[in-house]
Amino acid sequence: MKLAPLDNPVRASWLTEQGIRFDPGPYVSEAYQARKFIDSLPKVERLSQVTERIFHPGIFRRKWVTDPEIGKPFLGSAAIFQNDLSNLPLIGGIPSQKESNFALKPGWTLITRSGMTAGRVTYSRLEADGFACSEHVMRVIPQRELISPGYLYTFLASKYGRPIIKGSIYGTSVRHIEADHIDNMPIPRMASDIEEAIDSLFNEAMRLRSLFQRRITEATEDLFKSANLPDLLNLNWHTQAREIGFAARRVNATTLRALNHSPRANEVAEAIRVRSHLPLGDICNGGMLASGVRFKRVDAQPENGGVRLVGQRHGFWMRPEGRWISPKRAPSGIFAPDEAVLVSAQGSPGETDTLGRAIFVTGSWTKNAYTQHFLRVVSGDSSVSGAYLFAFLRSEAAFRMLRATCVGSIQQDLHARLRREIPVPLCTPEDRQRISETVRQAYRWRDEADMKEDEAFTLLDAAVREAAR
């Protein structure tokens, strides 16, 4: 049973607005409650009054390219939430009259506007400047002389703004939000020092996320250069000859699948094997190289000891969503140890799918639970840290070798024996230590960015409650 909260009870004026309806639906709706609560604050403006534009760029024919010289990184409606923007597809052929509408600018608020996930909110980061973005994402551009981007985003993404946005969704099979559905939503205005403090926290979080992106990229580049393998940094995979027909040697009972004998993937592996290296399986002896445990999910809220369960899609997001489950009703293997690398190991092998991509678990993310679909890669060799392994496994070279181990039909998996044979290049101990520390620092910055954003939401919530007194 859902009840109206005591601090925001149903009022007689609401009954009038709803045509004297006595069914509870409209009055216990989070969107209706949030809108009425914000409207009751002393100073409120409309979203259209504090923004330059609220728009989406419209539909056009997508032309995918592989050359960065003629294409732009493209963010889809799920990719806008990604933690690492290194592996985006490239899009070309954007009509010149629409190009300015597709290009993002830092600080814009982005809202997914169609599909079953409509109404999710994030922001355009510093490293996304000029990136193309899907027509399924609405752009909210603030008038900077009237409202700071960080304050506007923080409200729209807060527990007050999100329900109002989601309450604007219409449709059944394909849900949508249009600009004119949200341009009248109320935006509370606070004292200038509060709004500036929230904006400052937002800008610091953006800066830290940019540092995070730069550092993990630098770590991977440092690894391949230190291992005398700089050519593997730019594989130009799609410009190489297609594997339409080839002869495979040394075929045995392990696998007869053509993909597992990919000449291009074998060339990458051989380039590493002629240098100092260790097979991934040897590094993980004494550690772990296996999928997680299967278990029954029993829901539990955070206040009741629940932990967030992160799946393969949300694991690659800045702030993962997902259900909360009871760890007491699940095996211990749902958690990942500090500096574990988790590889998305089950799914479809499309170019933009996560299968074969890696994430790094450290800091605050060790508190999350993870589904069995992740391959747990935990080093058992004290000379090869998990941070170093991640710097390698996030690379395009490792991704292509992992993809070449796929087995299965619609839902692929990574072959248990072939994944053990993937070669990991070894630098000098000093290089490995430096690369590991670069990764660790990047993830400390990521956690700090999360804390800055959480602090901004807390400050906004306190200000709104104070204004409502």
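Me: Before we start, what does "buried" mean here?
Reply: Happy to explain! The model we are looking at is predicted. For a residue in it, the relative accessible area decides the label: over 50% is exposed, and in between is partly exposed. To be called buried, a residue has to be under 20%.

Me: Is Arg113 buried or exposed?
Reply: Let's use that cut-off. The relative accessibility of Arg113 is 6%. Buried means under 20%, so Arg113 counts as buried.

Me: Which residue forms a salt bridge with Arg113?
Reply: Good one to look up in the structure. Arg113 lies in the loop between strand S6 and strand S7, and its partner sits in the loop between helix H5 and helix H6, so the pair ties together parts 65 residues apart in sequence. The closest N and O atoms are 2.8 Å apart, and the partner is Glu178.

Me: How many residues apart are Arg189 and Glu45?
Reply: Their side chains meet in a salt bridge, at 2.6 Å from N to O. Arg189 is in the loop between strand S10 and helix H7, while Glu45 is in strand S1. This pair links distant parts of the chain, and the separation is 144 residues.

Me: Which residues join Arg319 and Glu453 in one network?
Reply: Start with the pair itself: the side chains of Arg319 and Glu453 meet in a salt bridge of 3.1 Å, N to O. Arg319 is partly exposed at 32%, whereas Glu453 is buried at 5%. Salt bridges that share partners join these two into one network with Arg209, Asp450 and Asp454.

Methods: Residues numbered from 1 in each chain as written. Predicted model: local features only at pLDDT ≥ 70, side-chain atom pairs only at ≥ 80, totals over all residues. Heavy atoms only, no water. Salt bridge = Lys/Arg side-chain N within 4 Å of Asp/Glu carboxyl O. Helix = DSSP H or I, 4+ residues; strand = E, 2+ residues; numbered from the N terminus. Buried < 20%, exposed > 50% of the residue type's maximum accessible area, 1.4 Å probe, protein only.
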